[in-house]
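Subject: Structure for you

Hello,

Here is the structure I promised to pass on. Please open it next to this message.

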Amino acid sequence: MRKTRSLEQWRNIIEEQQASDLTITEFCHQHALSKTSFYAARSKLNTESSRFVQAKVTKHVAPTEQQQQQLIMVTIGSVKISLPPTMPVAYLSQLLRELAL
């Protein structure tokens with residue numbers, strides 16, 4: 001019987017596969033997934049989110065008073081930008097959206 005999954009469910013499945021050390025074929029076999037469905041969902045999600053840059057937190061650090069005074073450094077490709085720590089979140093969000101285009 002065919003099981004219908006939402007795009008959010010597929011997003012979670014695809015992220016789980018990427019985090020595993022398994023190939024797509026091995027992952028699909030272990031989780032009883034169709035490779036065709038997996039690739040179709042991945043393609044659809046990539047098309048929908050191709051304008052966004054996926055960020056990954058590599059280390060959580062509690063800021064010290066000295067760190068709170070440091071600049072925010074943003075690097076996307078060959079573009080490097082230094083921003084004051086008081087930068088409004090809305091402005092930073094818009095800037096990142098524009099740079100990702």
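Below are my notes on its aromatic rings and its hairpin.

Please keep in mind that this is a predicted model.

Aromatic rings come first. A search of the whole structure turns up 3 aromatic pairs. In one of them, W10 meets F38 edge-to-face. Their centres are 6.3 Å apart, and the planes make an angle of 80°. That angle counts as edge-to-face because the cut-off is over 60 degrees. W10 belongs to helix α1 (residues 7-19), while F38 belongs to helix α3 (residues 35-48). The pair therefore ties together parts that lie 28 residues apart in sequence.

Are these two rings buried or exposed? W10 has 8% relative accessibility, so it counts as buried. F38 is at 0%, so it counts as buried too. The cut-off behind both calls is under 20% relative accessible area.

W10 and F38 also have company. Together with F27 and Y39 they form one aromatic cluster. W10 has a charged partner as well: the charged end of R5 sits over its ring, 5.3 Å from the centre.

Now the hairpin. Strand β1 covers residues 72-76 and strand β2 covers residues 79-83. They pair in the antiparallel sense, over 5 bridges. Which residue of β2 stands opposite V74? It is I81. The hairpin has 2 residues between its strands. G77 is in that turn, and its phi is positive, at about 65°.

When you look at the model, start with W10: its ring pairs with F38 and has the charged end of R5 over it.

Best wishes

Note on methods:
Residues are numbered from 1 along each chain as its sequence is written. This is a predicted model: local features need pLDDT of at least 70, side-chain atom pairs count only at pLDDT 80 or more; totals for chains, interfaces and linings use all residues. Side-chain values use heavy atoms; hydrogens and water are left out. Two strands pair if DSSP finds at least two bridges between them. Helices (H or I, at least four residues) and strands (E, at least two) are DSSP runs, numbered from the N terminus. Rings of Phe, Tyr and Trp (its six-membered ring) pair if their centres lie within 6.5 Å; planes under 30 degrees apart count as stacked, over 60 as edge-to-face and the rest as tilted. Buried means under 20% relative accessible area, exposed over 50%, partly exposed in between (1.4 Å probe, protein chains only). A charge sits over a ring if NZ of Lys or CZ of Arg is within 6 Å of the ring centre and within 35 degrees of the ring normal.
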